[in-house]
Amino acid sequence: MATNLSREEKLALRRAKLQEIKRQKDLQGRSESAAEPQLTFAIKTIKNTQPVNQKKRKGYVFDEENSNEGIKKFAPPKGSSNTRHESVSGDEVDELDKFVSTLSQTTTPEFNVVPEHDIFDENLEEVEEDSLLTSKLAKLNQEKILIAPPPSTTYGAVRKCFYNEPADIDDAEMDLIRHSWGVVDVEGDTPPKPVTSWQEMQLPSNLMATIAEYGYDKPSPIQAQAIPALLMGRDLVGIAKTGSGKTLAFLLPLLRHVQGQPQLESGDGPVALVLTPTRELALQIYKEATKFSGFSAVCCYGGISIETQIADLKRGVEIIVGTPGRVIDLLAANGGRVTNLHRCSYVVMDEADRMFDMGFEPQVTKILSQVTRPDHQTVLFSATFPKKMATLARRVMVHKPLKITIGEISTVASEIHQEVKLFNSADSSNVHDAKFDYLVEILADFFRHNHGKVLIFVESQSMADTLSVGLLHEKFSALAIHGGKDQIDRKHAIKIFSDNDSDVNVLIATSIAARGLDVKNLNLVINYDPASHLEDYVHRVGRTGRAGAKGRAITFVTSNQERAIADLARAFKASGQNLPSELDVANRKFLKSVKEGKAKFSYGFGGKGLENLDENRQSEKTIQHKLFDGDTAVEKPPVTAISKPDIPLPSFEIFEGCAPETGHSSSKYHSRIVINDLPQSARWHIAHRESLAKIIDASHASVTHKGQFYASQKTAPTWPPVEFGRDVKPAPKLYLLIEGATEHIVKHANNLIRERMLEGLDLAAYEEKRNPSKKYSV
């Protein structure tokens with residue numbers, strides 16, 4: 001074969017040889033079948049394996065850019081000669097020439113085709129596979145994550161204790177240390193004693209070197225109390241003011257935990273998982289984690305391409321920091337082969353209240369159902385923790401947690417000076433102009449005396465864009481970030497704003513930047529629009545006055561925003577600052593309206609994750625009473641607490657093994673909850689279709705009705721049934737059968753059913769109180 005042929009001529013020659021191969025095979029097949037019709041060919045083709053992607057087939061034969069690498073060698077047929085054939089020109093024989101020449105020497109009609117994984121380029125296959133995942137994410141988002149089967153590899157026990165509590169600190173000295181921090185509340189069994197220096201935490205040298213390099217002088221109160229508890233393997237709920245060092249409080253024990261586990265093997269998922277409600281907070285935590293060398297981590301969040309994150313996870317990482325939606329995408333991608341949580345033994349939920357309140361409870365529950373290790377450690381941290389969130393948060397805690405509260409809950413740090421500017425809402429057309437003029441005046445005075453950064457919060461995306469344009473006209477360099485901007489633009493804006501050498505000193509944002517944004521030299525926060533509730537206000541103004549530095553927060557509010565004024569009054573009172581007299585008058589007016597029932601306070605974020613809380617349920621009941629009773633003055637049931645029922649609650653005991661009623665081998669644990677003796681309304685409240693559907697979706701357990709209903713005057717056989725008569729087994733009392741792959745799944749479903757049961761009993765008691773002598777009312 002001539003060596004001076006061009007690429008096009010070589011490709012044309014190869015195509016011609018392929019056609020010749022097909023022609024000779026067809027001729028050989030027809031001649032053999034005519035001579036020996038009874039002969040059966042044993043042909044192995046690619047059809048017996050995975051279907052071949054047409055795009056890959058084209059890349060193999062006709063891709064001109066990769067022609068040299070794309071064409072693979074054919075395996076020689078069985079029975080062929082291994083003698084090397086030489087061409088007339090003396091050059092190396094082309095593989096196709098060799099294969100064609102062997103066809104005439106083949107004595108057996110059986111031949112092999114090289115398997116697909118040998119023919120096609122594996123690197124090309126992985127690239128095409130990853131690119132296809134992006135187009136399938138929308139479909140995967142609507143699919144449920146299948147319950148992960150138990151791993152074939154049995155992992156050893158998780159090492160969780162890396163700290164030995166010193167005995168030289170007595171209780172009096174410990175109380176003195178905690179008293180110096182202010183208000184400290186530690187709830188739980190045998191909490192460890194706080195430490196006063198980094199050296200007392202018994203951390204390895206590589207972590208201590210990084211602590212010294214970045215100038216962390218001494219642990220903050222939340223770090224001094226929480227880190228020893230986490231190093232001892234305790235589950236924990238940590239609550240502390242903004243800027244108090246919560247990130248490092250859970251990050252140092254996380255790194256020590258990862259360092260103390262066996263090395264990752266092929267196919268292993270991460271050892272630690274950190275979930276956050278926003279992308280900005282995930283990036284902030286990832287940035288802090290990468291300061292410590294010797295650990296592999298990846299930040300997983302939406303708004304950017306998923307291919308890079310998939311590639312990092314396939315290589316194996318020890319730490320995942322991400323938002324719930326993207327983490328679910330990665331767990332479900334490629335049939336669950338990208339990553340898994342079988343090795344995960346340390347789970348952190350930062351800003352946990354915001355995560356549940358934004359409606360992430362179903363996603364968080366799905367993710368935690370994939371953490372198959374029953375001895376994993378769970379950690380929740382936040383600056384605010386409303387009482388309504390406590391029950392939801394503890395639902396995901398496997399073990400009894402230790403709760404540490406530093407300072408008052410939902411309180412602005414004392415280092416932040418709060419100010420309020422009240423605008424008259426009577427002239428609504430000029431309110432915006434008055435607010436903008438006052439904002440320009442504040443900024444001009446601020447930059448006249450210092451060179452710090454300013455963060456401005458607004459309520460809507462359109463207002464953020466409008467305000468940034470207005471400030472640019474006033475010669476202030478400003479950028480805006482909100483949920484409507486691409487992630488790369490948001491990340492770039494925060495990077496420029498955080499750089500002290502940049503000329504951008506003003507950032508306008510919606511509440512997405514209220515959590516986790518830590519910018520040095522951020523001296524002023526302006527709430528151009530007031531926060532929707534107290535917890536959001538605390539996090540907004542907490543972007544300044546961090547790590548002991550002084551800060552200033554100014555809030556613009558109009559006279560008709562009474563709820564915002566009430567929240568400001570509570571914040572001023574909790575932090576010990578005096579409320580301006582004009583705001584105090586407006587606050588008293590609002591409180592009077594609340595007492596008269598004309599208005600009410602707003603607590604929490606009111607996200608979709610709160611649809612089952614008492615306030616929303618009570619609103620639905622009130623509307624139904626107005627429709628059917630025709631009475632506007634509706635008698636309201638007590639909402640202070642769920643009344644204790646006179647009827648004893650059934651057993652919620654969990655049994656290991658599959659239930660004998662079903663025999664499902666995939667169910668490793670089960671439980672039976674007898675509902676036969678509950679009042680009819682309580683039974684319906686638990687077992688109607690919509691209620692069970694929510695429980696099944698939230699817990700991933702199987703819940704089915706079993707047994708037979710027996711009236712109260714009848715007696716029913718106990719479980720298990722005993723035979724009597726002619727081989728007839730009596731049906732047990734009506735009960736719910738709960739089955740799950742893990743004990744945590746069944747326990748979660750039991751907790752949800754117990755909550756519904758208490759609500760149903762409370763509803764039954766209230767209905768009995770309203771109609772004591774009637775079974776029905778019209």
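Phe381 is buried (under 20% relative accessible area, with exposed meaning over 50% and partly exposed in between, using a 1.4 Å probe and protein chains only), its own value being 0%. Its ring partner, Phe250, is buried too, also with a relative accessible area of 0%. This is a predicted model, so local features need pLDDT of at least 70 and side-chain atom pairs count only at pLDDT 80 or more, while totals for chains, interfaces and linings use all residues. Residues are numbered from 1 along each chain as its sequence is written, and side-chain values use heavy atoms, with hydrogens and water left out.

**Aromatic pairs**

A search of the whole structure turns up seven aromatic pairs. Rings of Phe, Tyr and Trp (its six-membered ring) pair if their centres lie within 6.5 Å, and planes under 30 degrees apart count as stacked, over 60 as edge-to-face and the rest as tilted. Phe250 and Phe381 have ring centres 5.7 Å apart and planes at 45°, so this pair is tilted. The two rings link distant parts of the chain: Phe250 sits in helix H10 (residues 246–259) and Phe381 in strand E7 (residues 377–382), 131 residues apart. Helices here are DSSP runs (H or I, at least four residues), as are strands (E, at least two), and both are numbered from the N terminus.

Then there's Phe423 with Tyr438, an edge-to-face pair at 6.3 Å centre to centre and 75° between the planes. Phe423 belongs to strand E9 (residues 416–423) and Tyr438 to helix H16, 15 residues apart, and this pair also links distant parts of the chain. Phe423 counts as buried at 8% relative accessibility, whereas Tyr438 is partly exposed at 25%. Both rings belong to one aromatic cluster with Tyr528 and Phe556.

**Helix packing**

Tyr438's helix, H16, brings us to the helix pairs. Two packed helices are described by the angle between their axes and the distance between the axes. The axes are lines fitted to C-alpha atoms, for helices over the stretch in contact, and the angles run from 0 to 180 degrees between N-to-C directions.

| Helix pair | Angle | Axis distance |
|---|---|---|
| H16 (residues 431–449) and H17 (residues 461–473) | about 55° | 12 Å |
| H20 (residues 562–574) and H21 (residues 581–595) | about 115° | 9 Å |

As for the wording, angles under 35 degrees count as roughly parallel, over 145 as roughly antiparallel, 65 to 115 as roughly perpendicular and the rest as oblique. With an angle of about 55°, H16 is oblique to H17. At about 115°, H20 is roughly perpendicular to H21. A crossing is left-handed if the near helix is turned anticlockwise from the far one by less than a right angle, and right-handed if clockwise. H16 and H17 cross in a right-handed way, while the crossing of H20 and H21 is left-handed.

Contact means heavy atoms within 4.5 Å. On the H16 side, His432, Phe436, Leu439, Val440 and Leu443 meet Met463, Leu467, Gly470 and Leu471 of H17. That contact divides into seven nonpolar, two polar and no charged residues. Ala, Val, Leu, Ile, Met, Phe, Trp, Tyr, Cys and Pro count as nonpolar, Asp, Glu, Lys and Arg as charged, and the others, Gly among them, as polar. In the other pair, H20 offers Glu562, Arg563, Ile565, Ala566, Leu568 and Ala569, which meet Leu583, Ala586, Asn587, Lys589 and Phe590 in H21. By class, this contact has seven nonpolar, one polar and three charged residues.

**Loops**

Most residues other than glycine have a negative phi. Lys475 has a positive phi of about 70° although it is not a glycine. Lys475 lies in the loop between H17 and strand E11 (478–481), and is exposed with a relative accessible area of 75%. Asn521 likewise has a positive phi, near 65°. Asn521 sits in the loop between strand E12 (506–509) and strand E13 (522–527), partly exposed at 38%.

Lys193 is in the loop between strand E1 (184–187) and helix H8 (205–213), and is buried, with a relative accessible area of 17%. Lys193 and Glu165 are 28 residues apart in sequence but 7.3 Å apart in space, C-alpha to C-alpha.

**The whole chain**

The protein chain has 25 helices and 18 strands, and 46% of its 778 residues count as buried.
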